[in-house]
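Dear colleague,

I am handing over the structure below and would be grateful if you could look through it alongside the notes that follow. They begin with the ligand and then turn to a helix and a sheet.

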Amino acid sequence: MDVSELLDGLNDKQRDAVAAPLQNMLVLAGAGSGKTRVLVHRIAWLMQVEQASAYSIFAVTFTNKAAKEMRTRVEETLKAPVGGMWIGTFHGLSHRILRAHHREANLPESFQILDSDDQQRMIKRLLKAMNIDDKKWPAKQFGWYISAKKDEGLRPKDIQAYDINEQMMLKVYAAYQEACDRAGLVDFAEILLRCYEVLKNHPTLLRHYQQRFAHMLVDEFQDTNTIQYAWLKLLAGNTNSIMIVGDDDQSIYGWRGAKIENIKRFLTDFEAETIRLEQNYRSTATILKASNALIKNNAERMGKSLWTDGNDGEPISVYAAFNELDEARFVSSKLRSWLNAGNALQDAAILYRNNAQSRVLEEAMLQEGLKYRIYGGMRFFERQEIKDALSYLRLVGNRQDDAAFERVINTPARGIGDKTLSHIRDCARNESLPLWYAAKAIVEQQHLSGRAASAVTKFLELVEHIEDKISDLTLEEQAKYAIQTSGLMAMYQAEKGEKGRARVENLEELISACGQYELPEDEEFSSPLQGFLAYTSLESGEGQADEHEDAVQMMTLHSAKGLEFPLVFMVGVEEGMFPSQQSNEESGRLEEERRLCYVGMTRAMEKLYISHAESRRLYGQEKYHSPSRFLREMPEDCIEEIRIKTQVSRPPAAGRFSPSVTHAAFEESGFNLGQRVLHAKFGAGTVLNYEGSGAQSRIQVNFDDLGSKWLVTQYARLQAL
Ligand code: ATP
Ligand code: MG
């Protein structure tokens, strides 16, 4: 292939970066300026021009999805497959190293990954055993503390605790670590730290990787934390060349230990050359102008300019919704028009600050008959029934997995009560045994009542029986057998209603996911099952089942990083939501929220809608918010306001809220949305919604004491307040 083709479709600055001699480089540039594109072309350039083998390339991306995309793009550019290249997330790549060197890492071959849910459960158990009141000392706080320390690269022995609070944290950290080590479990932060330690403590191993990865590349560098930085530095050694790309204005993980300062540190530590890109290719001039104006309000910036020679495009539409339901309906109606105009839903994204905001939006999508996909939300592999099924499989593979044991010992219910469980836990603690072996010991020593003993024995035999039977089966058959024989399938089949049905479908989906799973050739797993279990913990949420269907993408602002969509909705842009309440209280946090807003806005290519609601019910509480300060920081000439009144009298044209019906309901009710009313029995409340006409006309009121209720308008006898 002609070398010049590698540089096609790049501007001069981008070419400088792609075709630079082997050296350490920082590409510092704003959103949509082609940083990721440069990274892809650089890999192709290294292979084509510098004759680097795929084997010598090590690229870190932000998500597994981005890694897959990057590999495909490199292959498209080179017009050849590239095996042997390591592309992945920090977690994915570290995990790979740990698997290959579990012995050096002091981990069992079948070590399991503990997700945040498992971690919570484990900490709760420890608190109980240590007689620590979890009302005074919430398990969550310990979880945060432990992860934060690991992200800093700190083990309990490295920490000096000066106050009582920290002494307590430290005590639990130490106990937690001991329990994890005993059971062969690693949490997310541990994956990175453990990998770092293995490399650091095994010079031969480190040399091996240093010699192998002559070319290292990192995307979204602004969000690396202390341990990731140390890890890169160690691996790069003195000889390898490393290119990092990033944007200090898009650093949004400070709350999880990311350090923007790492960019400056990199420049000194690696004596790196800086290349700046300034042309934006993604967004309209209007969107770019508003984003630039917003981010100028941050004081601490490395300073960059960004321009585009594209069109102004449409103004940014700002919608002041009455409440979150109104906001969701606004979004769904706009999406309906977008679809009717011949566009694809997958070209649109809805971005929100918190995961919990998605539910109301999901309901509006369902009502409007629009397909949606939640990106990185409640992930498939994190659902209750799926975790139950996986726990059986985990326990089959590793009897030391206490988290899995706890989860399924009495699921489905088999008469093992709290008392028996405490017995088992006590024995495990006293004898330093995993729960499984403690249960065995207790049964053998006849410490349980006859009934309890036989229930526990049955459970132990069940797991052993499953292991016995599945050893020669395919992965799909293994999962099927475990789900059936454990009684999980029958249990969820007996569960009534929509929820039960969904759970059964999910279990079936899990079986078919096992059927589709391909064991990666270049990774070392003792069995396909081990590979699959690791995959479910690491890659969950990305290969979602309905991947090929056209659907709106819904995600938090955080997970939108690096992505782009022609149409973007940013919802809940209100004081107290975004910027969040906490960010007003902690210094530095407001700037991070503003960067998050910048990230959100710069995802939009053609059209951006921003909405805020006057009142919002979230986490069971009604709150009144004013529009976010971020809106005021955008130039007025970039914004077009959509008035609430026109929206109320002309609601979306489809679904149960067709204009005539709603309008009739509105007229008949005699109340405005948002109006305060009094009901003889339920007391005072606020009008939220109406539907139907004539005798069918109903009105929804959110009562101060009782929450929201639908009432037949005719009989409601509401009084205006
Ligand atoms: P972010 O900061 O959001 O991660 P980025 O700097 O990584 O953005 P890219 O995603 O690489 O930017 O590029 C943004 C868009 O601009 C992409 O659609 C990309 O294909 C396009 N693009 C980049 N460079 C050029 C170019 N020289 N000519 C045409 N299009 C380009
Ligand atoms: Mg990018």
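A residue is taken to be near a molecule if one of its heavy atoms lies within 4 Å of it. On that basis ligand 1 is surrounded by 19 residues, and the closest are Lys35, Arg37, Gln250, Glu564 and Arg603. Please keep in mind throughout that this is a predicted model.

Three polar contacts with the ligand deserve a look. Arg603 places a polar side-chain atom 2.8 Å from an oxygen atom of ligand 1. Gly32 approaches through its backbone instead, with an N or O atom 3.0 Å from an oxygen atom of ligand 1, and for Gly34 a backbone N or O atom likewise lies 3.0 Å from an oxygen atom of the ligand.

UniProt, in an unreviewed entry, gives the feature "binding site" for Ala29, Gly30, Ala31, Gly32, Ser33, Gly34, Lys35 and Thr36. Two of the glycines in that record can be described further. Gly30 is found in the loop between β1 (25–29) and α3 (35–48), and Gly32 has its place in the loop between β1 and α3 as well. Because buried means under 20% relative accessible area, Gly30 counts as buried at 2%, and Gly32 counts as buried at 12%. As for what lies around them, once neighbours within four places in sequence are left aside, Gly30 is in contact with Lys35, Asp247, Gln250, Leu277, Lys304, Leu306 and Tyr598. Gly32, with residues up to four places away in sequence not counted, touches Gln279, Asn280, Tyr281 and Arg282.

The helix I would point you to is α10, which spans residues 203–212 and has Leu205, Leu206, Tyr209, Gln210 and Arg212 as its buried residues. These buried residues lie on the same side of α10, because they cover an arc of only 165° around the axis. The face turned away from that buried side carries Thr204 and Gln211, which are exposed. Among the elements that cover the buried residues of α10 are β3 (86–88), α5 (90–100), α9 (188–201) and α11 (226–236).

Finally, there is a sheet further along the chain. Five strands form an open sheet with antiparallel pairing, in the order β20-β19-β18-β17-β21. Its edges are β20 (707–712) and β21 (719–720), and since each has a single partner strand, one side of each is left without a neighbour in the sheet.

Within this sheet, β18 (residues 683–691) runs antiparallel to β19 (residues 698–703), and six bridges join the two. It also pairs in the antiparallel sense with β17 (residues 676–679), over four bridges, and a hairpin of three residues joins β17 to β18. Thr686 is a convenient residue from which to follow both pairings, as the bridge partner of Arg676 in β18 is Thr686, while Thr686 also stands opposite Asn702 in β19. Elsewhere along the β18 and β19 pairing, Asn689 stands opposite Gln700. Strand β18 is mostly covered, with eight of its nine residues buried.

With best wishes

Conventions. Residues are numbered from 1 along each chain as its sequence is written. Chains are lettered from A and ligands numbered from 1 in the order in which they are written. This is a predicted model: local features need pLDDT of at least 70, side-chain atom pairs count only at pLDDT 80 or more; totals for chains, interfaces and linings use all residues. Side-chain values use heavy atoms; hydrogens and water are left out. Two strands pair if DSSP finds at least two bridges between them. Buried means under 20% relative accessible area, exposed over 50%, partly exposed in between (1.4 Å probe, protein chains only). The arc is that of the directions from the helix axis to the C-beta atoms. Contact means heavy atoms within 4.5 Å. UniProt positions are given in the numbering used here, feature names are shortened, and annotations may be inferred rather than shown by experiment. A polar contact is a pair of N or O atoms within 3.5 Å; within protein, one must be able to donate a hydrogen and the other to accept it, and residues adjacent in sequence count only if both atoms are side-chain atoms.
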